[in-house]
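Please look through the structure shown here, and then read the short report that goes with it.

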Amino acid sequence: MLLCVTASHKTASFELLERLSRTPDDVAPTIVGMAPCVQGAVVLATCNRFEAYVEMDEPVTAAGAIGVEAVIEAVESATGIPAADLDGAYAVHSGRRVAEHLFSVASGLESVVSGEGEIAGQVRRALKSARKDGTTSPELERLFQRASQAQRKVKNVTALGRAGRSLVRLALELADSRIADWSAERVLLVGTGAYAAVTLATLRERGAVDISVYSPSGRAEIFAAKHDIRPVPADEYARTAAHSTLLITCTTATEPVLGPEHLQLPVGLAAAGCPVSATSGTTGVPSRLVVDLGMPRNVDPAVAALEGVALLDLETIRLHAPLEELQATDAARSVVREAAETFHVVGARQSVTPSVVAFRSHIFELLEREIDRARARGDEDGKVEQALRHLSGVLLHTPTVRAHELAAAGRADEFAAALATLYGIAPAADTVEDAATA
C-alpha cells in the first residue's frame, strides 16, 4: 500500500515549512527503520512542502496508521520538531489518491505558482536521493518514474507552462492598468507566508523599490532581513498603511487584518505632503490600491467604500483570469487523472501477474503431459496435439481476462484465493518479485 504524508503551503505555516525544509537527509532511512512493515520511503522537502511517500506491507493490520506514525516519529527524531507541532499541519493520502497527488505536485499544479517547473527537478532528485540511501521500493520507483512521465506530458500537451501564472502575477497585471510608474509606489506587504516571497519577487520584477512588510504574527523583522526590505512594527502599522499607495495582503489569518480604520486619511493629508500614487485622480485624494490574496479574506470589504481606495480580492482576480489559463489548468488535471488511472490499472495487472503465470504454468504442464500421452498412442500427424493446444488456449482465456478485471477492481486477492482453493496453486516467490520489479 502506498501512503503520502504531506505538509505544504496549503496546510502548514511558513515557519513550520521553513523548519521542515531543513530536513536532514536521514529522514527516509529513519522512516524505513521505524517498523518492519515499512518497505520503502522517499522524502520530498522544498521551501513550500514536505512530503514523505511510503510503501507499506498491506496485509499488516492498520498499515496506514503505522506508516503515518513512522513518518511523524522520524521527523521528530531527525529534526527535533515535536509531534505536537505537526498536528493539523499535514494531510494524508493513501491508495489510489497517492499517484494523482504526486503527479499533480510534479506537474506544478499544487505549487504556490501554478505550473512552475522547478518542482519537477526536485521530485526527480528526491527519488535519486532515496536510491542513494537504499530506501526505495519497486512500487515507489514505479510511482516516481511515472510522475516524471506525467509531468512531461502535461508540459508537452497543455499550455500550463506558458499560461500558468500565479494569482500574484495575475493580480499585479490587473494593477498595471492603474499604475504608471511602479518605482513611485509606496508598497506595504502584509504577511510573511508562502505567497509573500513570490509577491515580493514579482513586485521587484515590475520595478517597485519602496517596499515595507508587516506581519500580524510578528515575523516581519525576520522576513525583512532575509529580503532586504523595511519591517513595520505593530505600533506603526496603521500609520504606514494610511501612507501607502499599494497594499498587498497575503496572510493565513482567519479574520481581516486590514480595515477602514487602517486606511483613513486625515483631512488635507495629500496637501501636507503625503506620497501620492501616479494614479491619483483630480479630486486631490490619493488613489490607493488594495490587493487581497488571503484565503479566507484578509481585508474587510468595507475598505472598498473609502474614497480613493480600490480593492482587488481573489474573487475579482479569478474572474479576470485569462480563459487560456483556466483551460490549461483543466487540461493539465485531465492529463494527471488519466496518468494516475493508468498507473493503477498497470499496477493492478502486475499484482495479479504472479497468479496468472502460476495458473498458466499449471495448465501448460498438464497440456504437455497429455501431448506426450497422445504421441505415445500414435498421434503421428499431430492433430490431437493441435486440438489439445487449442483447447488449452480456450480454457485459459476467460480466467486470464477475469483475473485482470478483478485486479483492476482491486480484487486480485480473490483470484489468488480461488486458485489456491481449486488447484492448490500459489505463485512462486521469484515470480512475485519479478512482477513487482517490472
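The report below begins with the chain as a whole and then turns to one sheet and the helices beside it.

## The chain as a whole

This is a predicted model, and its protein chain contains 18 helices and 10 strands. Of the 438 residues in the protein chain, 46% count as buried, while the accessible surface comes to about 21,400 Å², with 52% of that area belonging to carbon and sulfur atoms.

Among the contacts in the protein chain with a separation of 6 or more, 70% are accounted for by residues 24 or more positions apart.

## An open sheet of 4 strands

Strands of a sheet pair through backbone hydrogen bonds, in either a parallel or an antiparallel way. In this model, an open sheet of 4 strands shows antiparallel pairing and follows the order β2-β3-β1-β4. Because β2 (38-45) and β4 (91-94) stand at the edges and each has a single partner strand, one side of each is left without a neighbour in the sheet. On average, and with direction ignored, neighbouring strands of this sheet are turned by 15° against each other.

The pairing of β2 with β3 (residues 49-56) is antiparallel and extends over 7 bridges; within it, valine 42 has tyrosine 53 of β3 as its bridge partner.

## Helices on the sheet

Helix α5 (residues 96-106) packs on the sheet, where it touches β1 (2-8), β2, β3 and β4, and its direction makes about 145° with that of β3. Helix α7 (residues 138-157) lies across β1, β2 and β3, and runs at about 135° to β3.

Note on methods. Residues numbered from 1 in each chain as written. Predicted model: local features only at pLDDT ≥ 70, side-chain atom pairs only at ≥ 80, totals over all residues. Heavy atoms only, no water. Pairing = 2+ DSSP bridges. Helix = DSSP H or I, 4+ residues; strand = E, 2+ residues; numbered from the N terminus. Axes fitted to C-alpha atoms, helices over the stretch in contact; angles between N-to-C directions. Contact = heavy atoms within 4.5 Å. Buried < 20%, exposed > 50% of the residue type's maximum accessible area, 1.4 Å probe, protein only. Areas by Shrake-Rupley, 256 points an atom, 1.4 Å probe, with all protein chains shown as cover.
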